[in-house]
Amino acid sequence: MDKSKITAPSLLEMKTRGEKISVLTAYDYAWGRLIDESGIDVALVGDSLGMVVLGYETTLMVTMEDMIRHCAAVARGAKRALVVADMPFMSYQVNSDDALRNAGRLMQESGAGAVKLEGGGQVADVVGKIVDAGIPVMGHVGLTPQSVHQFGGFKMQGKDAQNADRIRIEADALQQAGAFAVVLEAIPAQLAKEITQTLTIPTIGIGAGPDCDGFVTVTHDMLGMYDKFVPSFVKQYANLWQSTLEAFKAYDADVKQLRYPERKSTGQQ
Ligand code: KIV
């Protein structure tokens with residue numbers, strides 16, 4: 001394997017060296033290539049795909065087939081970055097045999113380098129079984145969007161002592177089960193800092209303050225391409241919705257006012 005290729009063990013080495021890990025979500029070939037060329041470490045094919053690309057209200061409708069198709073496209077573009085495939089809702093909760101089969105499909109059929117799944121102690125057995133099969137697993141605790149109905153919305157987690165303890169225990173259980181990293185989503189910064197200091201595996205924060213080992217952002221949020229809801233912690237690096245809208249309007253006007261295509265550019269003058 002190429003030395004510069006990012007792998008699950010390289011993320012552990014980055015934590016040991018104190019180097020921050022950059023993660024962005026990706027859903028297609030162009031995004032995979034852009035992530036590779038920009039030097040981002042991890043392309044996460046998140047099931048946020050369901051919301052920002054497929055237009056669903058939550059991530060629950062995303063299927064294995066959706067994930068395989070989009071992850072394969074990302075993997076065709078991202079040759080250097082580690083490609084992590086989210087396991088969709090109900091692909092790992094029913095039983096560990098199903099979970100292993102589905103994790104295997106994501107690796108075999110989409111070319112991912114690791115899988116990610118949500119939950120703590122209740123998925124520890126599943127994580128262990130997948131890891132034993134040689135598949136690197138990234139965990140995900142805190143606000144786990146597949147449990148949005150149980151939380152009563154996309155709400156911050158771990159605000160009271162009992163909940164904070166539950167999240168600490170979950171993160172620890174994932175490390176014990178063999179996960180190589182864990183996403184901490186929408187939890188207080190102090191809690192994320194404590195978990196990051198306690199775990200030997202890297203923590204990847206999103207809405208969890210500045211003290212995690214790495215950070216993940218939904219690409220559509222940081223590029224201003226999803227206007228339904230932008231979390232307050234997101235820094236917008238571009239407003240592609242607005243510039244795309246302006247380009248589309250200019251094209252519409254050009255076509256209707258006979259400015260496009262230009263006669264000379266068609267060679268038919
Ligand atoms: O689906 C996703 O994009 C995610 C990230 C927000 C961590 O799980």
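Twelve helices and eight strands make up the chain in this predicted model. The eight strands close into a barrel, and there's a pocket worth a look too, with about 710 Å³ of space in it, the largest pocket here.

**The barrel**
- Going round the barrel, the strands follow the order β1-β2-β3-β4-β5-β6-β7-β8, and the pairing is parallel.
- From one strand to the next, the twist averages 25 degrees.
- For a single pairing, take strand β3 (residues 82-86) and strand β4 (residues 114-116): they pair in the parallel sense over three bridges.
- In that pair, valine 84 stands opposite alanine 114 in β4.

**A helix across the strands**
- Helix α8 (residues 161-177) lies across two strands, β5 (137-142) and β6 (181-185).
- Its direction is at about 175 degrees to β5.

**The largest pocket**
- The lining of the largest pocket takes in 35 residues, and those nearest the centre are Pro145, Phe154, Glu185, Val218 and Pro231.
- Three elements give two or more residues each to this lining: α3 (49-52), β6 and β8 (214-217).
- Sorted by class, the lining has 18 nonpolar, eight polar and nine charged residues.

**Overall size**
- Along its principal axes, the C-alpha trace of the chain spans about 70 × 40 × 40 Å.
- The chain has a radius of gyration of 20 Å, which agrees with a compact globule, because a globule of 269 residues would come out near 18 Å.

Methods:
Residues are numbered from 1 along each chain as its sequence is written. This is a predicted model: local features need pLDDT of at least 70, side-chain atom pairs count only at pLDDT 80 or more; totals for chains, interfaces and linings use all residues. Side-chain values use heavy atoms; hydrogens and water are left out. Two strands pair if DSSP finds at least two bridges between them. Helices (H or I, at least four residues) and strands (E, at least two) are DSSP runs, numbered from the N terminus. Axes are lines fitted to C-alpha atoms, for helices over the stretch in contact, and angles run from 0 to 180 degrees between N-to-C directions. Contact means heavy atoms within 4.5 Å. On a 1 Å grid over the protein atoms alone, a cavity is a set of points where a 1.4 Å probe fits but cannot get out, and a pocket is an open set with protein on both sides within 12 Å along at least five of seven lines; lining residues have an atom within 4 Å of a point. Grid points are joined across faces, edges and corners, and a volume is the space filled by probe spheres set on the points. Ala, Val, Leu, Ile, Met, Phe, Trp, Tyr, Cys and Pro count as nonpolar, Asp, Glu, Lys and Arg as charged, and the others, Gly among them, as polar. The radius of gyration is taken over C-alpha atoms; the globule rule is 2.2 Å times the number of residues to the power 0.38.
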